[in-house]
Amino acid sequence: MPAQFPAAAATAIGSMPGTDPVEAAAVVVGELPDLPHLPELPRRGLGADLVGRTAALLVDLAVEVVPSAYRVTTRPGTDHRTAVDHLRRDLDAFEEAVEQARPGLVKVQVAGPWTLTSEVELPRGHRVLTDQGALRDFTESLAEGLTRHVAEVRKRTGAEVVVQLDEPSLPAVLAGALRTPSGLSTVPAVADPDARDVLAAVIDAARAATNQPVIVHCCAPRPPVALFRGAGADAVALDATLLEGTPAVYTDQLGEAWDDGCVFLLGLLPSTDPKRPLTLHDAARPALELVDRLGFPRTILADRAVPTPTCGLSGATAGWARRALELARDLGKAFVEPPESW
């Protein structure tokens, strides 16, 4: 059964520029009325980034900041409390912003299990994912924390919640490209079936908590779409501007997923200020070319595509971030009612 999102919806990946959660929430809710997301503001520093923010959700696990990374600690300290405080302020601001808009669906983002466990260290400096027991504990803790987070967001906003799992590190995990603590070698590659099973556990928890489609996001040039789908992802968020020239064996994966009912969140708007003004048709071109290349009617964009920026907007100016969200919203409408020039 195809995943369902609001007609003509657009959204963004997660991060926004600046450090003011009230301003960020107001912009997101104002520009993305059909599918606003809980903004992330990584410019505030450690604890506000993807990994620290997700660690704030963990149940019975805590992290601290060390020179090399986040590291597991026995009890929550200042670093962990800072991350929790950032998230609480973000939720307060988002709750205030949606009081007038009252969207039916909102999106939250957390690090997926592989990105989280590749970026957090055990006490001796090895990555969590290298220890099967620790990997299991983190996966279970993430699933439980995410369930609680969804319940709180639903209570605060009155909206249904859709979860996006961010897995920017998964391609490196699969390729065996992560460095060991010494920097002299790499962590062994994780086999696809193992990666799928761990990811599936968190996807299942997210779906059980929300009764909504679950999104997996990866902005690598060729994200492992087949693995995401095998793990149960209903939707995949990717950078559509990087798909030009990809081999047929990869685009076939995209075509099979689309044909099977997958929704693609297509990254079409630059995540940093473009060098020249961008028209709506310029922004839409990668999506139109992809549909044409795969042999689908362009009407599939109305039912199984949601436009987004190519990645997070934390590196953009405030002006471009607002404009990117506005263009994403316009693209969502154009997917449903295409201009005659298309």
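**Helix packing and internal spaces in the predicted model**

Helices α1 and α12 are roughly parallel to each other, and therefore share a general direction from N to C terminus, since angles under 35 degrees count as roughly parallel. In this predicted model, helix α1 spans residues 21–31 and helix α12 spans residues 318–336, and the two pack at an angle of about 20°, with their axes 9 Å apart. The crossing in which α1 passes α12 is right-handed. On the α1 side the contact is formed by V27, V28, G30 and E31, which meet R322, L325, E326 and R329 of α12. Sorted by class, this contact of α1 with α12 comprises four charged, three nonpolar and one polar residues.

A second pair is formed by helix α5, which covers residues 132–157, and helix α7, which covers residues 192–210; here the packing angle is about 20° and the axes lie 9 Å apart. That angle makes α5 roughly parallel to α7. The passage of α5 across α7 is a right-handed crossing. From α5, the residues L135, T139, L142, A143, L146, T147, V150 and R154 take part in the contact, and they meet V198, A201, V202, A205, A206, A209 and T210 in α7. The residues of this contact of α5 with α7 divide into eleven nonpolar, three polar and one charged.

Helix α5 also packs against helix α3 (residues 78–101), in this case at an angle of about 35°, with the two axes 9 Å apart. The crossing of α3 and α5 is right-handed. The α3 residues L87, R88, L91, D92, F94, E95 and V98 meet H149, E152, V153, R156 and T157 in α5. By class, the contact of α3 with α5 has five nonpolar and five charged residues, together with two polar ones.

Helices α3 and α5 also take part in the lining of the largest pocket, to which each supplies at least two residues. The volume of this pocket is about 260 Å³. Of the 13 residues that line the largest pocket, those closest to its centre are A56, L57, V84, L87 and E152; among these, L87 belongs to the α3 side and E152 to the α5 side of the helix contact described above. The greatest contribution to the lining of the largest pocket comes from α5, which gives five residues. In terms of class, the lining of the largest pocket consists of seven nonpolar, two polar and four charged residues.

Apart from this pocket, the structure holds one cavity of 30 Å³ or more. The space in the largest cavity amounts to about 50 Å³, and its lining is made up of L38, R53, T54, L57, L87, V108, Q109, V110 and H149. Two elements, α2 (50–55) and β3 (105–111), each supply at least two residues of the lining of the largest cavity, and β3 gives the most, with three residues. The lining of the largest cavity has five nonpolar, three polar and one charged residues. Both L57 and L87 appear in the lining of the largest cavity and also among the residues closest to the centre of the largest pocket. In addition, L87 of α3 and H149 of α5, which take part in the contact between these two helices, are included in the lining of the largest cavity.

Notes: Residues are numbered from 1 along each chain as its sequence is written. This is a predicted model: local features need pLDDT of at least 70, side-chain atom pairs count only at pLDDT 80 or more; totals for chains, interfaces and linings use all residues. Side-chain values use heavy atoms; hydrogens and water are left out. On a 1 Å grid over the protein atoms alone, a cavity is a set of points where a 1.4 Å probe fits but cannot get out, and a pocket is an open set with protein on both sides within 12 Å along at least five of seven lines; lining residues have an atom within 4 Å of a point. Grid points are joined across faces, edges and corners, and a volume is the space filled by probe spheres set on the points. Helices (H or I, at least four residues) and strands (E, at least two) are DSSP runs, numbered from the N terminus. Ala, Val, Leu, Ile, Met, Phe, Trp, Tyr, Cys and Pro count as nonpolar, Asp, Glu, Lys and Arg as charged, and the others, Gly among them, as polar. Axes are lines fitted to C-alpha atoms, for helices over the stretch in contact, and angles run from 0 to 180 degrees between N-to-C directions. Angles under 35 degrees count as roughly parallel, over 145 as roughly antiparallel, 65 to 115 as roughly perpendicular and the rest as oblique. A crossing is left-handed if the near helix is turned anticlockwise from the far one by less than a right angle, and right-handed if clockwise. Contact means heavy atoms within 4.5 Å.
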